[in-house]
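Welcome! Take a moment to look over the sequence and turn the model around on your screen, and then we will walk through a few of its parts together.

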Amino acid sequence: MSYLSHEPGPRRLLVIGGGLAGWMTAAVLARALARDRAEILLIESADAAGGNQAVGTLPSFEKLCGLLALDPRDWMPATRATFKLGAQFRDWGRAGERYFQGFGPCGARLDGVAFHQHWLRLQRLGETAAFEEYSPVTALARAGRFAPPLADRRSPFHWYRYACHFDRELMSALLRRYALQRGVQAIAGNVVALERHADSALISALRLTDGALVAADMVIDCSGERDSPLWRALEVRFEDWRDWIPCDRALWIPGAAPAELPPYSTFSAAEHGWQWQIPLQERVDWGYAYCSNLSTDSQVEAALRSAMPDARLPLVRWPDATPLRFDCGRPDRFWRGNALLLGACRPGPLEATELHLLQSGITRFLGLFPGFTPGFDRASAQEYNRLTIAEHDGVRDFLALHFIATTREDSPFWRHCRACEPPATLRDRLELFRHSGRLGLAEDDCFGEEGWLAVLLGQQLLPAGVDPLAGAADAEQARGALQMLTTRISAGVSGAPAHREYLARHGLLAGTPSAAAP
């Protein structure tokens, strides 16, 4: 079945790059385009797998699973997946502090005014608990429990969402099988050159290392390699974000999984940058992101190993650390002619943005699918670039906020972060928030009000004023509403199963029989 609203003639779509980015793109295209409308080929290099490190997602990943009709009882055991209710942050604003960023709101609007405005008013009076204490999803996560949202819209446990963690290599293999079963053709090799049509700048074919020439109507580069022939031919300029998001390297080591699986990722600010812990069913991945201009591999590896559990026991021998490279930034255009760039922004696991941007780029392309006219649908390409640039810049601002909203000055890394000026769009948003506690977010912001508030308030960036409507509201009514909410949250958490228990009960653990779908 084709999901396209119009019917282009049979076209050859050529995807460059295997691994998670390439095979996810191929799988979505194979699902969305009928075989008699499109021929999909993927050029797969030998080093495209990308390793088997754990990957975190955002709640938008559930939409991708729905599009591909993936059953969690199949893909979750196969990829050793766990659920993710959000992320815990340690030591970001100040050493010793922590906060939780959950996939759901804190409280609900009172008399048409945002909940956090009432909280800010009472917080000034010293009459309220920490902001996250009013978040149902945070309470679930901190208790190590998981349950899907309730159907009852009157319950505070209806309004949150969830995501997942999975093994990159296992998910890539699953999507590869999915795509091949639906007619995608895999070609081993690397692109070394491209050829254009004689009467236009459109690409007609790609040449591989063995001399083979592969014709294409549309080329989608998922390799993320900025020195590739396609990037050079398109004359794309890359906007580097390292001034605001400094980490360009990382080391990761797989560790043993705890008896009770946390339903969240953990990100901890550290001397050389930041560390992560991402839980899978059979292990927890430990990583350390750092800036190569400020720290060395040996410094970071020693710090990472010392932070891991049982690091000082002489009989424990952890695997060698695997190096990773991050590429935090974006091209100045993503679609030009009949070439599209996907997966160009690779900032690492912080906030799980890499996979979200890839998924968003694929589905946006389908929504603006070209008509293959002589001008190759320039209007659709311009709109795609406008929307995609705006989305990437929003991600840039949100990631940069973590490093800018800090008081840490205990290492060269954090002194560098303190000295950086924020991007102009982030500076304006911070000014608005400091003035009135307002955020000014676009409706489609992928982190939402709950994400921005978690970081701003969790890193102790408090506004000087609040919404005047909150100041005029009945304070006693607001106190009562907050107290009632905490009571309902406590009761709801006590009835939810532990994370690992939920996975086992629903046949989502590797090696357990399938049960009812969650």
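Let us begin with a helix and its neighbours. The buried residues of α8 pack against β14 (249–256), β16 (273–279) and β17 (283–290), where contact means heavy atoms within 4.5 Å. Helices (H or I, at least four residues) and strands (E, at least two) are DSSP runs, numbered from the N terminus. Before going on, please keep in mind that this is a predicted model, in which local features need pLDDT of at least 70 and side-chain atom pairs count only at pLDDT 80 or more, while totals for chains, interfaces and linings use all residues. Residues are numbered from 1 along each chain as its sequence is written, and side-chain values use heavy atoms, with hydrogens and water left out.

Which residues of α8 are buried? In this helix, spanning residues 297–307, they are V300, A303 and L304. Buried means under 20% relative accessible area, exposed means over 50%, and partly exposed lies in between (1.4 Å probe, protein chains only). Looking down the axis of α8, you find its buried residues within an arc of 100°, so they line one face of the helix; the arc is that of the directions from the helix axis to the C-beta atoms. An α-helix has 3.6 residues a turn, so residues three or four places apart point the same way.

Now for a strand. In β12 (residues 218–221), M218 and I220 point one way, V219 and D221 point the other way, and all are buried. Strands pair if DSSP finds at least two bridges between them. β12 runs parallel to β1 (residues 11–16), joined by four bridges, and I220 of β12 is the bridge partner of V15. β12 also pairs with β21 in the parallel sense, over three bridges; here D221 has L341 in β21 as its bridge partner.

Next, some loop residues.

| Residue | Loop between | Relative accessibility |
|---|---|---|
| S45 | β2 (38–44) and β3 (54–56) | 15%, buried |
| D91 | β5 (86–90) and β6 (98–102) | 22%, partly exposed |
| E351 | β21 (339–341) and α9 (353–367) | 5%, buried |

What does S45 touch, not counting residues up to four places away in sequence? Its contacts are G189 and N190.

Backbone angles come last. Most residues other than glycine have a negative phi. D91, though not a glycine, has a positive phi near 70°, and E351, also not a glycine, has a positive phi of about 65°.
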